[in-house]
Amino acid sequence: MSEWSLSSAAFGLVFAAASFGMLVGGIVFGWIGDRHGRKLGSLAALVVCGLGSLSVLHARDVNLLSLCRFLTGIGIGGLTPLLYALNQELVPHRFRATVVAVIMMGYMAGSASGGAVAAALMPHYGWEPLFWIGGAFSLLLAGVGYVLLPESVAFLSRRAARKAEMATLLRRIDPTITPETVARIATIPDAPQGAASRGLSPLFSGHLSTITPLLWLAYICSSATVFFMISWLPTLMLGAGLSKAESALGLSLFILAGSIGGLVISAVIDRLGVSSITVIPVVGCLLLATLALPNLSSSGYMIAVGICGFFVLGGHQGLNGAAGLLYPSPVRASGIGWALSIAKIGSIIGPLVGGLLLAAELPRMQLMMIIASPLPIFAVSLILLGMAKSRERHARAAPVRD
């Protein structure tokens, strides 16, 4: 902005382009992952991310810069659902929600490290090295992934031409696996032709006609509150009388506590199912009101922020882990990709509406209750998702009658 003498308003296009790219990437690469494999899709997303980051170095105006950030956003948005699906299909069922929380800890660590790297390099070398690092590491990881990253067993089992690759991977996972077990898995038939190529229709067929809209509603509501907090928490803390340093630390604490909460809540989902965490957004809703309490000390405010992060952001991370459990393997990457893309609606609405509410200078308690209001809807969505999943299990277990 300084180098090109741009205003904040003019530069807003750049941020919007990146967010829109992530929305598009989740949809496009989710389809690629279900159609051509999680590994191929992940490597392609890394390459797009790397090239998009490097292309920023050649941008000479805000429009071209926005296009470069749009391309980078496509790669980032596309990579996330593919890694969710791939890891969930490679770990035992009892860890399938937890593994997503672990992945998200890496996502958050990378996001947090960006600020530290910028603070260390920019005063001496300018902004360009940041994009060299982002682009080079993405392309390097694509090369490493080509050699080391396995494909999903579930995906390979549905492709007759790749049964030999699946058998090799099974022996790599468990060297003691018997030939009979490999042969039994290899007899799983191919997915129906075109199962991953019919756009949205597979996500609204059968029991998914209930699950998909409920999951989208849950994501929008959770994202609206979470991204308001991530965007405006430092401002709230400054308004409560805390220092700038304490406000910055508070945001870090919110994210750290959310990461820990995500691990714990995901473990609960693995053990007890999606509906078991219904109480989490309700508790989060009530806890947000504590941030409006008058005369709260700095240490008390920090404690409240950490607990809010555990339940509010942790509940959102738990939803990330639950999403892949709700879809069958043939459409898992597409289902997660669409859900994460639809979640961007909430991540845009939350900060935007929050900014308007802050500008209106509402009483703090009224402000926090408005911001927390999507969380009860999130809780109801979880209840209905649990009921829909339970009906599906009962339907599969029911004997077929003549």
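A residue is called buried here when its relative accessible area is under 20%. By that cut-off, 47% of the 402 residues of the protein chain count as buried in this predicted model. The fold is built from helices: 15 of them, with zero strands. Its radius of gyration comes out at 22 Å, close to the 21 Å given by the globule rule for 402 residues, so the chain is as compact as a globular protein of that length. Laid along the principal axes, the C-alpha atoms fill a box of roughly 65 × 50 × 40 Å.

Contacts tell a similar kind of story about how the chain is put together. Taking contacts between residues at least 6 apart in sequence, 78% join residues at least 24 apart. On the outside, the accessible surface comes to about 18900 Å², and carbon and sulfur atoms account for 71% of that. As for charge, the chain carries 25 positive and 15 negative charges, and the mean positions of the two sets sit 6 Å apart.

Turning to the aromatic side chains, the count comes to five pairs. One of these brings together Phe204 and Trp216, whose ring centres are 5.5 Å apart with planes at 85 degrees; an angle over 60 degrees counts as edge-to-face, so that is the label for this pair. Phe204 lies in the loop between α8 (179–186) and α9 (208–239), while Trp216 belongs to helix α9, so the pair ties together parts that are 12 residues apart in sequence. The two partners differ in exposure: Phe204 is partly exposed, at 35% relative accessible area, whereas Trp216 is buried, at 14%. Another edge-to-face pair is made by Phe310 and Phe311, with ring centres 5.2 Å apart and planes at 65 degrees. Phe310 is partly exposed, with a relative accessibility of 24%. Phe204 and Trp216 also join Trp338 in one aromatic cluster.

The backbone has a couple of spots worth a look. Most residues other than glycine have a negative phi. Asn295, however, has a positive phi of about 60 degrees without being a glycine. Asn295 sits in the loop between α11 (279–288) and α12 (298–323), and its relative accessibility of 82% is over the 50% cut-off, so it counts as exposed. Glu361 is also a residue other than glycine with a positive phi, in this case near 55 degrees. Glu361 is found in the loop between α13 (332–359) and α14 (364–372), and at 68% relative accessibility it counts as exposed.

Conventions
Residues are numbered from 1 along each chain as its sequence is written. This is a predicted model: local features need pLDDT of at least 70, side-chain atom pairs count only at pLDDT 80 or more; totals for chains, interfaces and linings use all residues. Side-chain values use heavy atoms; hydrogens and water are left out. Helices (H or I, at least four residues) and strands (E, at least two) are DSSP runs, numbered from the N terminus. Buried means under 20% relative accessible area, exposed over 50%, partly exposed in between (1.4 Å probe, protein chains only). The radius of gyration is taken over C-alpha atoms; the globule rule is 2.2 Å times the number of residues to the power 0.38. Contact means heavy atoms within 4.5 Å. Accessible areas come from the Shrake-Rupley method with a 1.4 Å probe; for residues, only the protein chains shown count as cover. Lys and Arg count as positive and Asp and Glu as negative; His and the chain ends are not counted. The place of a charge is taken as NZ of Lys, CZ of Arg, CG of Asp or CD of Glu. Rings of Phe, Tyr and Trp (its six-membered ring) pair if their centres lie within 6.5 Å; planes under 30 degrees apart count as stacked, over 60 as edge-to-face and the rest as tilted.
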